[in-house]
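Hi everyone, thanks for coming. I'll walk you through one protein today, so have a look at the screen while I talk.

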Amino acid sequence: MFNVGDLLVDAYTKEAGVLVRRYDILHEDLTYSGSVEHWAWQIWWTGGSPQTYYTNIEDYTESGLKQLVESGMFVLHKQ
């Protein structure tokens, strides 16, 4: 559903975010050796007021992003 370079627009704040990296949350931890994968995306937000205080980069689980797009809270623009 998502690809690096896709654009998300927050329907409320009108901020735009670019998907920059997909990664497996569990395998970022070098001590985890299981086979279950839980995907997440790093998003680089631009606009007036970034969502986080220290950086414009935020992480969302892939399932959470799907729900936000399906609910209309985020609008997905494919690259």
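**Two salt bridges and a loop**

Okay, let's start with the charged pairs: searching the whole structure turns up two salt bridges. Keep in mind that this is a predicted model. If the term is new to you, the idea is simple: side chains of opposite charge can pair when their charged atoms come close.

Before we look at each pair, here's the layout. The protein has five strands and one helix. If you follow the sequence from start to end, the order is β-β-β-β-α-β, with the helix sitting between the fourth strand and the last one.

Now, the first pair. Lys78 and Asp6 make a salt bridge, and their closest N and O atoms are 2.8 Å apart. Where do Lys78 and Asp6 lie along the sequence? Lys78 is in the segment after β5 (74–77), while Asp6 is in the segment before β1 (7–10), so this pair ties together parts that are 72 residues apart in sequence. What about burial? Asp6 is buried, because its relative accessible area is 1% and the cut-off for buried is under 20%. Lys78, on the other hand, is partly exposed, at 44%.

On to the second pair. Here the side chains of Arg22 and Glu62 meet, with 3.0 Å from N to O. Arg22 belongs to strand β2 (residues 16–24) and Glu62 to helix α1 (residues 62–71), so the salt bridge links parts that are 40 residues apart in sequence. Is Glu62 buried or exposed? Glu62 is buried, with a relative accessible area of 14%. Its partner Arg22 is partly exposed, with 36%.

Let's leave the charges and go to a loop. Tyr12 is in the loop between β1 and β2. Tyr12 counts as exposed, because its relative accessible area is 76% and exposed means over 50%. Now find Met73 on your screen: Tyr12 and Met73 are 61 residues apart in sequence, yet their C-alpha atoms are 7.1 Å apart in space.

Finally, the whole-protein numbers. Of the contacts with a separation of 6 or more, 46% are between residues 24 or more positions apart. Buried residues make up 28% of the 79 residues. The accessible surface is about 5300 Å², and carbon and sulfur atoms account for 55% of that surface.

That's my tour. Thanks for listening!

Key: Residues are numbered from 1 along each chain as its sequence is written. This is a predicted model: local features need pLDDT of at least 70, side-chain atom pairs count only at pLDDT 80 or more; totals for chains, interfaces and linings use all residues. Side-chain values use heavy atoms; hydrogens and water are left out. Helices (H or I, at least four residues) and strands (E, at least two) are DSSP runs, numbered from the N terminus. Buried means under 20% relative accessible area, exposed over 50%, partly exposed in between (1.4 Å probe, protein chains only). Contact means heavy atoms within 4.5 Å. Accessible areas come from the Shrake-Rupley method with a 1.4 Å probe; for residues, only the protein chains shown count as cover. A salt bridge is a side-chain nitrogen of Lys or Arg within 4 Å of a carboxyl oxygen of Asp or Glu.
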